[in-house]
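Visitor: I would like a close look at a single helix in this model, starting from one residue on it and working outward to what surrounds it. Please keep to what can be read from the coordinates and the records.

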Amino acid sequence: MSMEAPIGVIGGGAWGTALAQVLAAGGRPVTLWARNRSVVESINALHENPVYLPGRPLSALVRATDDPAALHGAAALLVVTPAQHMRMILSGFAPQGQPLLLCAKGIEAHSRKFMHEVAREAMPGSPVAVLSGPTFAHEVAAGLPTAVTLAAEDEALARTLAEWIAQPAFRPYVTDDVAGAEIGGAVKNVLAIACGVVEGAALGQNARAALIARGFAEMTRFGLACGARLETLAGLSGLGDLVLTCSSTSSRNYTLGKELGEGRKASDLLVDRRTVAEGAFTAPVLLEAARLRGIDMPITAAVCALIAGTLDVDDAIRTLLSRPLRAE
Ligand SMILES: NC(=O)c1ccc[n+]([C@@H]2O[C@H](COP(=O)([O-])OP(=O)(O)OC[C@H]3O[C@@H](n4cnc5c(N)ncnc54)[C@H](O)[C@@H]3O)[C@@H](O)[C@H]2O)c1
Ligand SMILES: O=P(O)(O)OC[C@H](O)CO
């Protein structure tokens with residue numbers, strides 16, 4: 001058993017559980033805080049999270065708790081809550097000054113703030129880093145090869161966190177471009193919904209490729225306007241994650257879009273969900289943030305209209321295809 005200070009993980013969904021397993025596989029004790037009591041009990045008694053990551057045995061080095069005080073003394077905290085709940089959940093933890101590694105992908109509704117801005121407000125005094133990239137939780141937990149972006153303005157912090165989390169099959173690449181890492185992960189979820197619509201409405205593979213390329217153009221326009229760097233947007237946390245989530249029903253966002261494309265109503269699909277499809281919440285706030293910066297995001301606008309129920313799939317497609325011709 002390792003004598004090192006544990007790493008804390010806040011959030012017992014699929015991704016928090018998978019990341020806890022990555023850390024524990026490297027011999028690091030992990031304290032996983034989850035809000036769901038049955039998740040806590042199952043992880044401690046059965047070494048499994050049957051609600052969010054069923055069928056994946058977890059290391060005995062992962063200990064779960066529903067007591068925020070159990071994370072005192074952790075060397076760092078991985079924050080793996082849904083984006084819209086992050087501020088509220090962090091406010092339940094007394095700030096201890098530990099580094100925060102933010103793993104949620106989204107933009108906060110109403111405030112239009114990125115996760116690093118929310119975390120700095122909720123836990124002032126804690127240094128902040130971001131982990132993002134093409135990472136289906138079930139593959140990571142199974143130890144399949146995965147590469148991610150780990151971003152922090154403080155490069156020494158990024159390198160330390162990267163060393164703590166790196167495993168033979170889990171490879172972080174560090175950068176100081178925090179905005180770039182966050183924007184790729186948030187925007188790709190919206191575009192994955194659009195790609196799922198293409199699949200559900202049987203629009204063909206040409207359409208999907210066009211949507212990925214034009215979607216990446218939207219991501220780039222928005223990212224550059226927010227100070228992100230092109231190399232980050234074209235890297236693992238941007239284009240890499242866009243390609244992953246726009247091509248697989250393992251993505252909750254893509255699956256939501258596919259069901260919309262098949263003609264189901266967003267209101268029916270979003271009610272009482274157990275798992276999170278972040279793109280549905282990010283789309284309206286992303287569109288508003290783009291509008292305020294004078295940036296055109298037609299695919300994002302179409303996703304917003306489908307989710308709000310103001311356009312049906314046929315009208316959304318017609319609207320996108322009838323836009324004036326323009327230079328690429
Ligand atoms: N699952 C993945 O493969 C994956 C990979 C990379 C990043 N992420 C990101 O990680 C974040 C967490 O996603 P996940 O997949 O672990 O979640 P999940 O869909 O597996 O589980 C849902 C989570 O939301 C929490 N939750 C539900 N209602 C809540 C409420 N009212 N208040 C607070 N919390 C509530 C649940 O406790 C649970 O932890 C998201 O931002 C997601 O985009 C997920
Ligand atoms: O299931 P999704 O669509 O939330 O995607 C999960 C991860 O973000 C993929 O990198």
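Guide: Start with K258, which counts as partly exposed because its relative accessibility is 23%, and the cut-off for buried is under 20%. K258 sits in helix α11. The model is a predicted one, with ipTM 0.99 and pTM 0.97. Its mean pLDDT is 96, and 99% of the residues reach 70 or more.

Leaving out residues up to four places away in sequence, K258 touches G196, V197, E199, G200 and T249. For a sense of distance across the chain, the C-alpha atoms of K258 and V79 are separated by 29 Å, with their positions 179 residues apart along the chain.

Now the helix itself. α11 covers residues 252–261, and its buried residues are N253, Y254, L256, G257, L260 and G261. These lie on the same side of α11, because the arc they cover around the axis is only 160 degrees. The general background is that an α-helix has 3.6 residues a turn, so residues three or four places apart point the same way.

What does the buried side of α11 pack against? The partners are α7 (178–200), α8 (205–225), α10 (236–245), α12 (266–270), α13 (279–292) and α15 (313–321).

Both ends of α11 have a feature to note. At the N-terminal end, S251 acts as the cap, with a side-chain oxygen 3.2 Å from the backbone nitrogen of N253. After the helix comes G263, which has a positive phi near 105 degrees.

The packing around α11 can be followed into the largest nonpolar core, which has 46 residues. Within this core, I183, V187 and F222 have the most contacts. At least two core residues come from each of α7, α8, α11, α12, α13, α14 (298–308) and α15. The largest share is that of α7, with 12 residues. Taking V187 as an example, its contacts beyond four places in sequence are M219, F222, L286 and M297. Another core, of 40 residues, lies apart from this one, and V9, V22, L23 and I165 are among its members.

Helix α7, one of the partners of α11, also holds K188. UniProt lists K188 under "active site", in an unreviewed entry. K188 counts as buried because its relative accessibility is 5%. Setting aside neighbours within four places in sequence, K188 is in contact with K105, M219, D241, L242 and T245. M219 is also touched by V187. The side chains of K188 and N189 are joined by a polar contact of 2.5 Å.

The loop between α7 and α8 contains A202. A202 is not a glycine, yet its phi is positive, at about 55 degrees. A202 counts as exposed because its relative accessibility is 69%. R112 also has a positive phi without being a glycine, at about 60 degrees. R112 is in the loop between β5 (100–102) and α4 (115–122), and with a relative accessible area of 35% R112 is partly exposed.

The second core offers a helix to set beside α11. I165, one of the residues of that core, is in α6 (residues 155–165), where L157, A158, L161, A162 and I165 are buried. These residues are on the same side of α6, because they cover an arc of only 130 degrees around the axis. Their covering includes α1 (14–25), β4 (77–79), β5, β6 (128–132), β7 (146–151) and β8 (170–175). α6 has an N-terminal cap as well: a side-chain oxygen of D154 lies 3.0 Å from the backbone nitrogen of A156.

One record concerns this part of the chain. In an unreviewed entry, UniProt lists residues 7–157 as "domain: Glycerol-3-phosphate dehydrogenase NAD-dependent N-terminal". That span is 28% helix and 19% strand, and its end C-alpha atoms lie 15 Å apart.

To return to the starting point, K258 is a partly exposed residue of α11, a helix with a buried side that packs against α7 among others.

Conventions
Residues numbered from 1 in each chain as written. Chains lettered and ligands numbered in written order. Predicted model: local features only at pLDDT ≥ 70, side-chain atom pairs only at ≥ 80, totals over all residues. Heavy atoms only, no water. Buried < 20%, exposed > 50% of the residue type's maximum accessible area, 1.4 Å probe, protein only. Helix = DSSP H or I, 4+ residues; strand = E, 2+ residues; numbered from the N terminus. Arc of directions from axis to C-beta. Contact = heavy atoms within 4.5 Å. Polar contact = N/O pair within 3.5 Å; in protein donor to acceptor, adjacent residues only side chain to side chain. pLDDT = per-residue confidence, 0-100. UniProt positions renumbered as here; feature names shortened; annotations may be inferred. Core = buried A, V, L, I, M, F, W, Y, C linked by side-chain atoms within 4.5 Å.
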